[in-house]
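Dear colleague,

I am handing over the structure we spoke about, and you will find it directly below. My notes on what was found in it follow, and I would be glad if you read them with the coordinates open beside you.

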Amino acid sequence: MGRLLRPALYGAVALALAVALTFVASITMGDAGDSPTPDRVVNGGGAPSDLGPGAIANPATFIPTLQNRLRRTPRDHRGWSTLVLAYVEQARITGDPTYYAKADKALDRAARLAPEDSVMLTASAALENARHDFRAAVSSADRAIAVNAYSAAANAYRADALTELGRYTEARRAAVRADNLSPGPSTFARLSYAAELRGDLGEATRLMQLSRDASGNSAASFAFAAYHLGELARIQGDLRGAARQYGAALEADPGFLPAYAGRARMAAARRDFSAAEKDYTEVVRRLPLQEYLVELGELYLATDRPELADAQFAVASASASLAKANGVLVDLETAFFEADHGSPAAALDAARAEWDYRQSVFSADALAWALHVNGRDAEALPYARQATRIGTQDARMIFHRGAIEATLGMDAPARTHLRAALAIDNGVAPWREGLTRDLLRSLKSNP
Amino acid sequence: MRTWARRALATLLGAGALVVAVPNAASAHPLGNFTVNRFSGIVVSSEAVTVEHVLDIAEIPTAQRKSAVDTSGDGTMSRAELASWAGPTCKDAAQALQLTVAGNREPLAVDTASARTLPGQAGLPILRVECELRAGVAALSGTTSVRLVDTGGQGEVGWKEMTAQGDGTTLTRSDVPERSASGRLTSYPEDLLSNPLDVLTARLAVLPGGPALDSEAGSAVLPSGPLGRGADRLTSAFERLLERADDGPLLGLVALLGAVLLGAAHAVAPGHGKTIMAFYLSGRRAGALRAAATVGGTVTATHTAGVLLLGVIASAGTALAPAEVYPWLSVASGLLVVAVGVALLRAARRGAPGHTHGTGPGQHTHGPVPTAARARGELVTSVAADQGKHAGLGSTVEVTEPHHEHHEHPSSPGVSDPAHHHDHDHDRDHEHHHDQAPPEHTHEVADLSPRGLVAIGLAGGLLPSPSAVIVFLGALGLGRPWFGVALVIAFGLGMATTLAVVGLLVMRLRERAEARLASRPKSRFAPILRVIPLVTAIAVVVLGAALALRGFSSTGVI
């Protein structure tokens with residue numbers, strides 16, 4: 001071979017190699033770009049078929065991997081969409097709202113790259129749910145399903161949004177559809193929640209056990225299910241069983257704050273107020289969410305320490321004004337907090353806005369209670385009935401109905417409902433329990 | 001056509017402007033209203049360890065602390081109340097910070113403590129606490145380990161950061177940065193692809209002696225790029241350009257041009273490849289242009305293949321991280337260079353004694369002194385002539401021998417052996433040289449065959465530039481793999497051209513010097529020139545060995 005030919009041969013070999021490698025690259029990359037659909041992530045992200053709570057079984061380890069990949073391939077819209085899901089999940093687990101802002105921007109990227117992609121639309125629904133923009137979430141999920149009818153995740157987020165909007169029949173249908181498409185711990189958890197709302201606590205417990213048993217090696221998923229089993233046990237009066245479940249949740253995931261709160265509620269139900277206070281204090285130190293602040297404040301009220309209670313309520317009220325400043329549309333907890341410990345007028349505003357936006361049993365309850373504290377019990381009663389329309393076994397809700405009926409002089413139903421509230425959950429708040437007993441006593445002395 | 005080019009230029013300049021403008025978009029409180037953010041800035045001097053501890057407390061935790069601060073109960077946190085609250089708060093912080101120096105717990109004492117409120121969201125205040133903490137230590141001798149663990153705020157949501165600097169001491173090891181990424185909790189970087197810092201431990205090794213700390217510099221904010229190791233600002237700019245390459249053929253062309261420039265920039269940046277190339281080419285006398293082209297071509301081909309391979313590995317998953325491949329490539333590259341160096345060395349040793357056949361007309365000398373002719377640019381013509389002569393002879397060697405004809409024995413294919421001379425029947429060449437009437441002329445002693453050139457090119461291209469990998473992956477992300485290949489080839493061409501030009505420049509410089517010396521053959525510098533091939537060969541071996549060793553030490557095998 002001539003020496004001129006030799007470099008030419010080298011060149012040809014190099015070129016052939018380049019061509020072959022590019023071919024391989026385009027194939028493998030095409031594949032990799034498509035692989036993290038939510039269903040894959042959802043199904044393969046650690047626990048099999050895990051959506052919604054635990055959509056991405058372990059975001060703490062999944063997020064860095066995804067971030068690295070997106071640094072290299074910033075146009076990978078599926079990657080951005082998956083990152084949105086992971087950030088939403090991380091925000092849910094850690095309670096760190098920063099991740100919502102990041103999720104929002106990541107979603108922007110994904111939407112710009114692929115405006116009609118089903119994964120992007122699913123991620124959008126997840127974020128809108130987290131932001132309490134449930135109507136937008138339904139429409140995003142609908143669009144995702146229009147593109148890909150077999151997306152279990154889209155159906156799951158649709159079910160969540162519909163539940164929050166009070167469209168329970170449709171919600172259940174969507175949850176069943178998600179479960180049929182891809183059964184797993186989170187679809188079981190959703191079906192369990194639907195049963196709990198209907199007041200079928202036995203079925204709710206059975207489904208949540210399924211969810212726990214299917215959680216595989218995902219600690220977060222296990223803790224989530226165990227915590228809810230604890231709550232179901234506590235509501236049914238099984239404090240020992242509840243303690244076991246909270247313990248199991250904390251053993252699986254020592255950072256799972258809802259389990260601390262559950263343990264505090266259980267301790268309060270046992271009248272072990274110092275244990276309850278200890279757990280609540282730890283919860284609000286780590287994550288001062290309004291609902292926990294109010295529960296701790298009410299614990300102080302029940303134990304006759306109104307100044308300490310006021311301090312907690314002051315923080316809760318700061319939290320409410322922040323929510324307002326941040327443009328949060330609707331806020332159930334604010335409505336209840338203002339009704340019980342703040343301004344009745346503010347409570348009515350919040351509850352009215354809430355009810356205008358969605359007609360769930362909880363927004364009905366909030367509006368009924370806000371009308372009651374404003375002395376408008378006649379208007380409140382229909383909403384109180386709405387709140388209990390599907391049989392939800394919620395002590396606070398049933399107490400509200402009983403209290404409204406008592407004010408309206410409807411002694412018999414009032415007595416029934418107040419007693420039912422005490423029977424369901426004698427520990428939800430010792431402070432509210434005191435109110436309930438006072439009301440019952442006044443009903444008896446007033447034949 | 002002109003506006004076309006101008007727009008292309010404008011785009012490139014725009015990309016440059018982006019680099020300057022992009023640093024760090026930061027916002028006041030990106031971490032939410034729930035967070036308690038903590039920072040510990042460690043400064044180790046020869047007699048004390050000081051910790052600047054800062055707490056940035058968002059609206060809700062501030063509200064939680066309000067009843068503790070507002071002792072008068074008037075609903076405001078006055079300056080005096082804040083001052084008296086800061087003391088115990090800093091004391092708590094000092095107790096929560098566990099400082100260990102050379103294995104001994106050293107208690108931190110509060111030097112100064114201050115707290116102030118700043119306006120937050122929704123008309124609510126936020127708190128900022130600043131504590132100067134200090135622990136005296138015995139004078140450091142030798143390397144001392146220092147460790148700081150923050151046990152405060154366990155489980156709180158927030159940004160947790162530590163930095164460490166030496167003041168008259170040198171940190172030989174530190175697992176935290178010198179500068180704060182958040183400007184000491186004043187501006188948090190907002191990057192979609194990063195998580196809040198969560199650093200609660202710092203481990204340092206401190207050696208006494210070092211520059212005093214410049215307090216100004218200490219407060220500077222170091223922007224951390226979004227891209228990892230090896231990816232510089234130029235690359236980030238290029239990535240941004242790449243994202244827009246969809247927009248039209250013009251931008252595509254600009255991207256290609258940019259890739260050439262990026263490759264050139266990579267070649268100019270300090271690195272082993274250039275040094276070896278320079279040494280190698282400076283050892284050559286003849287056919288440098290052609291040699292440079294061969295080396296350049298091989299660099300481009302190898303580099304392109306390497307980048308594509310690494311790109312495929314990187315995109316296929318995490319089974320084999322590119323970071324693990326690099327050291328091994330470095331070893332391979334180093335060994336190749338050593339092999340080339342050894343071949344050079346052998347050639348140099350065999351040729352070095354010099355075949356001086358005399359100095360009269362019609363004679364020529366095999367020695368390392370070049371002709372003035374070559375220095376005047378006749379190189380190229382002689383290359384062409386040479387090529388013509390040898391094309392049909394089946395020799396593997398002479399491509400790089402522009403002015404002196406001899407044939408290689410097939411038994412020693414890689415190295416031209418000046419000991420074996422064949423008939424010199426090329427009068428034209430002799431005339432040509434004698435026209436210049438040099439006292440001597442050179443026979444190249446330390447040359448390699450194309451195989452050697454290809455080997456050096458392989459060694460140079462074997463280590464894919466991270467920038468090129470990123471560029472390639474960027475194109476894949478765009479869904480345009482072929483464009484990616486074109487970009488990588490352009491990158492390689494830019495790199496190879498620059499390398500070749502550098503090599504040629506070095507050679508020209510040397511020739512200039514030699515030519516000057518040659519005009520004074522009695523110069524005492526003349527002997528130096530004689531050993532140059534030997535020296536360059538040794539240098540190539542040493543550099544190759546260093547490269548291989550360095551690669552091997554980072555493979556984690558030893």
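To begin with a single residue: is R78(A) buried or exposed? R78(A) is buried, because 23 other C-beta atoms lie within 10 Å and 20 or more are enough for a residue to count as buried. R78(A) belongs to helix α4 of chain A, which covers residues 77-94. Its C-alpha atom is 9.4 Å from that of S118(A), although the two residues are 40 apart in sequence.

**Confidence in chain A**

Please keep in mind throughout that this is a predicted model. For chain A the mean pLDDT is 84, and 83% of the residues reach 70 or more. Within that chain, confidence is highest in helix α20 (residues 361-373), with a mean of 97, and lowest in helix α2 (residues 38-44), with a mean of 29. Over residues 17-55 of chain A the pLDDT is below 50, yet this stretch has 118 contacts in the model beyond near neighbours in sequence. Where pLDDT is low, the predicted coordinates should not be read in detail.

**Chain A and the nonpolar cores**

Chain A contains 24 helices and zero strands, and of its 447 residues 59% are buried. Among its contacts with a separation of 6 or more, 54% are between residues 24 or more positions apart.

One helix pair can serve as an example. Helix α10 (residues 185-197) and helix α11 (residues 201-213) of chain A pack with their axes 8 Å apart and at an angle of about 170 degrees, which means that α10(A) is roughly antiparallel to α11(A). The residues of α10(A) that meet α11(A) include F188(A), L191(A) and A195(A), and on the α11(A) side they include A204(A), L207(A) and M208(A).

In soluble globular proteins, nonpolar side chains tend to be buried together. Here the largest nonpolar core has 191 residues, and the members that touch the most others are V84(A), A223(A), A368(A) and A370(A). Helix α12 of chain A (residues 219-235) supplies the largest share of this core, twelve residues. Leaving aside residues up to four places away in sequence, A368(A) touches A380(A), Y383(A), A384(A), A387(A), H400(A) and I404(A). Another core, of 57 residues, lies apart from the largest one, and V454(B), V469(B), A475(B) and L487(B) are among its members.

**The antiparallel sheet of chain B**

In chain B, five strands form an open sheet in the order β5-β4-β8-β12-β10, with antiparallel pairing. Its edge strands are β5 (104-105) and β10 (169-174), each of which pairs on one side only.

Strand β8 (residues 144-150) of chain B deserves a closer look. On one side, five bridges join β8(B) to strand β4 (residues 97-101) of chain B, and V146(B) is the bridge partner of V101(B). Six bridges join β8(B) to strand β12 (residues 201-208) of chain B, where A202(B) stands opposite L148(B). Strand β12(B) is also joined to β10(B), by five bridges, with T169(B) opposite P208(B).

In a regular strand the side chains alternate between the two faces of the sheet. In β8(B), T144(B), V146(B), L148(B) and D150(B) point to one face and are buried, whereas S145(B), R147(B) and V149(B) point to the other face and are not buried.

**The mixed sheet of chain B**

An open sheet with mixed pairing is also found in chain B, its five strands arranged in the order β6-β7-β3-β2-β9. Strands β6 (109-119) and β9 (160-167) of chain B each have a single partner strand, so one side of each is left without a neighbour in the sheet. Ignoring direction, neighbouring strands of this sheet are turned by 15 degrees against each other on average. Strands β3 (residues 48-57) and β7 (residues 125-136) of chain B pair in the antiparallel sense over ten bridges, and A48(B) has G136(B) as its bridge partner.

Two helices of chain B can be described together with this sheet. Helix α2 (residues 59-69) of chain B packs on the sheet and touches β2, β3 and β7 of that chain, its direction making about 80 degrees with that of β7(B). Helix α3 (residues 79-96) of chain B also packs on the sheet, touching β3, β6 and β7 of chain B, and its direction makes about 125 degrees with that of β6(B).

With best wishes

Terms used: Residues are numbered from 1 along each chain as its sequence is written. Chains are lettered from A and ligands numbered from 1 in the order in which they are written. A residue is buried if 20 or more other C-beta atoms lie within 10 Å of its own, exposed if 12 or fewer, and partly exposed in between; C-beta atoms are placed from the backbone. Helices (H or I, at least four residues) and strands (E, at least two) are DSSP runs, numbered from the N terminus. Two strands pair if DSSP finds at least two bridges between them. A nonpolar core is a set of buried Ala, Val, Leu, Ile, Met, Phe, Trp, Tyr and Cys residues joined through C-beta atoms within 7 Å. Two residues are in contact if their C-beta atoms, placed from the backbone, lie within 7 Å. pLDDT is the predictor's confidence in each residue, from 0 to 100. Axes are lines fitted to C-alpha atoms, for helices over the stretch in contact, and angles run from 0 to 180 degrees between N-to-C directions. Angles under 35 degrees count as roughly parallel, over 145 as roughly antiparallel, 65 to 115 as roughly perpendicular and the rest as oblique.
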